[in-house]
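Hi everyone, thanks for coming. I'd like to walk you through a structure that will be new to most of you, so have a look at it first and then we'll go through it piece by piece.

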Amino acid sequence: MTVVSTQEFNTQQEKYFDMAVDGDVCIQNDKYMFRLICNPVDMIDRQVTLQPDDDFRRAITKDELLEGIYEDIAKRFAKR
């Protein structure tokens with residue numbers, strides 16, 4: 001693993017991006033350490049798309065949400 005400072009990374013970005021293809025490159029500042037992850041563009045294009053799950057199927061529309069809000073407000077102020 002190669003660890004470089006943010007200043008060094010900023011001056012030689014292309015070099016460290018090329019190094020990230022072959023191995024780990026970490027960029028470190030005073031508080032944090034960041035790892036460069038190489039994921040070629042063709043790999044990104046082939047990633048699996050997510051399918052809707054049960055939570056998505058239970059979702060309500062904006063209009064349904066607003067209708068519920070208006071009903072709740074009407075109930076709240078009707079008691080006064």
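**The sheet, the core and the rings**

Let's start with the hairpin: four residues make the link between strand 2 and strand 3. Before I go further, please keep in mind that this is a predicted model.

So how do strand 2 and strand 3 pair, parallel or antiparallel? They run antiparallel, and the pairing covers four bridges, with strand 3 being residues 33-36. If you want a spot to look at, find C26, which sits opposite R35 in strand 3.

Now go to the other neighbour. Strand 1, residues 2-5, pairs with strand 2 as well, over four bridges, but here the sense is parallel. Two places show this pairing: T2 has V25 of strand 2 as its bridge partner, and S5 stands opposite Q28, again in strand 2.

Put that together and you get an open sheet of three strands in the order 1-2-3, with mixed pairing. Strand 1 and strand 3 are the edge strands, since each of them pairs on one side only. On average, neighbouring strands in this sheet are turned by 30° against each other, if we ignore direction. As a general reminder, strands of a sheet pair through backbone hydrogen bonds, in either a parallel or an antiparallel way.

Okay, on to the inside. Which residues make up the largest nonpolar core? There are seven of them: V4, F9, Y16, A20, V25, I27 and L36. Two elements give two or more residues to this core, namely helix 2 (13-22) and strand 2 (25-28). In soluble globular proteins, nonpolar side chains tend to be buried together.

My pick from that group is Y16. Leaving aside residues up to four places away in sequence, Y16 touches V4, E8, F9, V25 and L36. And is Y16 buried or exposed? Its relative accessible area is 2%, so Y16 counts as buried.

That brings me to the aromatic rings. Searching the whole structure turns up three aromatic pairs. In one of them, F9 and Y16 have ring centres 6.3 Å apart and planes at 35°, so this pair is tilted. Y32 and F34 make another tilted pair, with 6.1 Å from centre to centre and 45° between the planes.

How do these rings sit with respect to the surface? F9 is buried, at 10% relative accessible area. Y32, on the other hand, is exposed at 52%, and F34 is partly exposed at 45%. One more thing on rings: F9, Y16 and F17 are linked into a cluster by ring pairs.

Last stop, Q7. You'll find Q7 in helix 1, residues 6-11. With a relative accessibility of 63%, Q7 counts as exposed. Now look across to N29: the two are 22 residues apart along the chain, and their C-alpha atoms are separated by 8.7 Å.

If you take one picture away, make it this: a three-stranded open sheet with mixed pairing, plus a nonpolar core of seven residues that includes Y16. That's it from me, happy to go back to any part of it.

Terms used. Residues numbered from 1 in each chain as written. Predicted model: local features only at pLDDT ≥ 70, side-chain atom pairs only at ≥ 80, totals over all residues. Heavy atoms only, no water. Core = buried A, V, L, I, M, F, W, Y, C linked by side-chain atoms within 4.5 Å. Buried < 20%, exposed > 50% of the residue type's maximum accessible area, 1.4 Å probe, protein only. Contact = heavy atoms within 4.5 Å. Phe/Tyr/Trp six-rings, centres within 6.5 Å; stacked < 30°, edge-to-face > 60°. Pairing = 2+ DSSP bridges. Axes fitted to C-alpha atoms, helices over the stretch in contact; angles between N-to-C directions.
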